[in-house]
There are 2 protein chains.
Amino acid sequence: MKGRKAVNIGYTFRDQSLLKKALTHISLANECGIESNQRLEFLGDSILSFVVAEHIYHEFKNMDEGRLTEMRAAAVCEKSLAAAAREMDLGSGVRFGKSETVCGGKNKASILADTFEAVLGAIYLDGGMEPARAWILEHLGEIIEHSSKMDFRNYKSEIQTYFQKRDKGTDVVTYRMTGRKGPDHKPEFSVEAVYRGKVIGKGTGGSRKAAEQQAARQALEAL
Amino acid sequence: MKGRKAVNIGYTFRDQSLLKKALTHISLANECGIESNQRLEFLGDSILSFVVAEHIYHEFKNMDEGRLTEMRAAAVCEKSLAAAAREMDLGSGVRFGKSETVCGGKNKASILADTFEAVLGAIYLDGGMEPARAWILEHLGEIIEHSSKMDFRNYKSEIQTYFQKRDKGTDVVTYRMTGRKGPDHKPEFSVEAVYRGKVIGKGTGGSRKAAEQQAARQALEAL
């Protein structure tokens, strides 16, 4: 336990050994021959999917199941869970073996997200569904709300389908990067959508893919 | 409701409209402008994953999370759910639009599996987690038990890795079909695994892939 800070996860365990297991990374488990948090992560993952599904099923009565599926995927993605884990400084509580301590495991998004799920599994085993549900909504409520406003349309697919139907051909819309600026951790890409040699839309975004979607969106709007 | 038989799903709904919605296929919903069972299916899918995860987490304490994940995937796959749906003749209860009635929708595995999940979602909304859990274990208990004994080893991958390590080369194990017998709905394939021109194993199976795995398994055992 040397060097491990107490983390405030906002739930008091009756059985502290569950929390300890939830914070035991596989690297330490392998070194010491103890159980890692991976089985708890498996359980927590399924609780998370269910609770978020039930929540958005009731909250967004007009959304079809395709949109609900996209929304849940956005809300429970690695990035979201890692952000929630960082807010409660979960990384500082994880017990690593030597290898991961050296490799900076406590800041890795994948490890943070997995630990979030393992702690959730432990809360469920300790207190049942109600505290597990409350914990999820406390830590992911805002992200869920945000994801309900996200734009999941696939403009690239839509513009391609449009031209295929109109021209009955096999020509494809291509995308070419025309610029990249900003620092490495916050790049901005500029992209042009091209159809039959003609620029039909331009877009910018924090990733090449996002910029392509914006270019396709502009092309659709210009039709 | 013309032509629809009553199905015995083994749960009595307080709110019959939930069952009706769970049995409303999208083809009818589109024709009549009513709500289909797809949102219920989304909810039911997440309940199913959670309940099976929790069940196998407790039942199989010595399985690691990789094996638990494989086991759950096998237990809740389309084939398993369709088989459970067929046992209670769920297909006869589904309300289809004209298109799917003509296309024999009530016998399609995908539709049966989706309906299973939709009915599960409806049971949960009607009675809560306990009857939902009981219904799952009643209908899938045997399949879960069976999947705990399934062999998830990937012999093809294992034999390839073996030769790669031994010979430090890039030669690959190839597979060739040597025979196929049996009727179309129950074929039996015969396959040979070949490495550097030499037959190293033979296998048979209900699919080409299964036969290849068996051939690879024999090759591994003969090492």
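**Notebook: helix 5 of chain A and the aromatic pairs**

I looked up where helix 5 of chain A touches helix 8 of chain A, and I found that A:Ser80, A:Leu81 and A:Ala84 of helix 5 meet A:His139, A:Leu140 and A:Ile143 of helix 8. By class, the residues of this contact are four nonpolar, two polar and no charged. I note that the model is a predicted one.

I then examined the geometry of the two helices. The axes of helix 5 (residues 78-87) and helix 8 (residues 129-148) of chain A come within 10 Å and cross at roughly 135°. Helix 5 and helix 8 of chain A are therefore oblique to each other, and the crossing is right-handed.

Next I checked burial in helix 5 of chain A. I recorded A:Ser80, A:Leu81, A:Ala82, A:Ala84 and A:Ala85 as buried. The buried residues of this helix pack against helix 3 (38-59), helix 4 (65-75), helix 7 (109-127) and helix 8 of chain A. Just after helix 5, I noted a positive phi of about 55° at A:Asp89.

I turned to the aromatic rings and found eleven aromatic pairs over all chains. The ring centres of A:Tyr11 and A:Phe13 lie 4.9 Å apart with the planes at 85°, so this pair is edge-to-face. A:Phe13 is buried, at a relative accessible area of 5%.

The rings of A:Phe50 and B:Tyr124 have centres 5.6 Å apart and planes at 90°, so I entered this pair as edge-to-face as well. The pair crosses between chains, from helix 3 of chain A to helix 7 (residues 109-127) of chain B. A:Phe50 is buried at 0% relative accessibility, and B:Tyr124 is buried at 9%. Finally, I recorded that A:Phe50, A:Tyr124, B:Phe50 and B:Tyr124 form one aromatic cluster.

Definitions and conventions. Residues are numbered from 1 along each chain as its sequence is written. Chains are lettered from A and ligands numbered from 1 in the order in which they are written. This is a predicted model: local features need pLDDT of at least 70, side-chain atom pairs count only at pLDDT 80 or more; totals for chains, interfaces and linings use all residues. Side-chain values use heavy atoms; hydrogens and water are left out. Axes are lines fitted to C-alpha atoms, for helices over the stretch in contact, and angles run from 0 to 180 degrees between N-to-C directions. Helices (H or I, at least four residues) and strands (E, at least two) are DSSP runs, numbered from the N terminus. Angles under 35 degrees count as roughly parallel, over 145 as roughly antiparallel, 65 to 115 as roughly perpendicular and the rest as oblique. A crossing is left-handed if the near helix is turned anticlockwise from the far one by less than a right angle, and right-handed if clockwise. Contact means heavy atoms within 4.5 Å. Ala, Val, Leu, Ile, Met, Phe, Trp, Tyr, Cys and Pro count as nonpolar, Asp, Glu, Lys and Arg as charged, and the others, Gly among them, as polar. Buried means under 20% relative accessible area, exposed over 50%, partly exposed in between (1.4 Å probe, protein chains only). Rings of Phe, Tyr and Trp (its six-membered ring) pair if their centres lie within 6.5 Å; planes under 30 degrees apart count as stacked, over 60 as edge-to-face and the rest as tilted.
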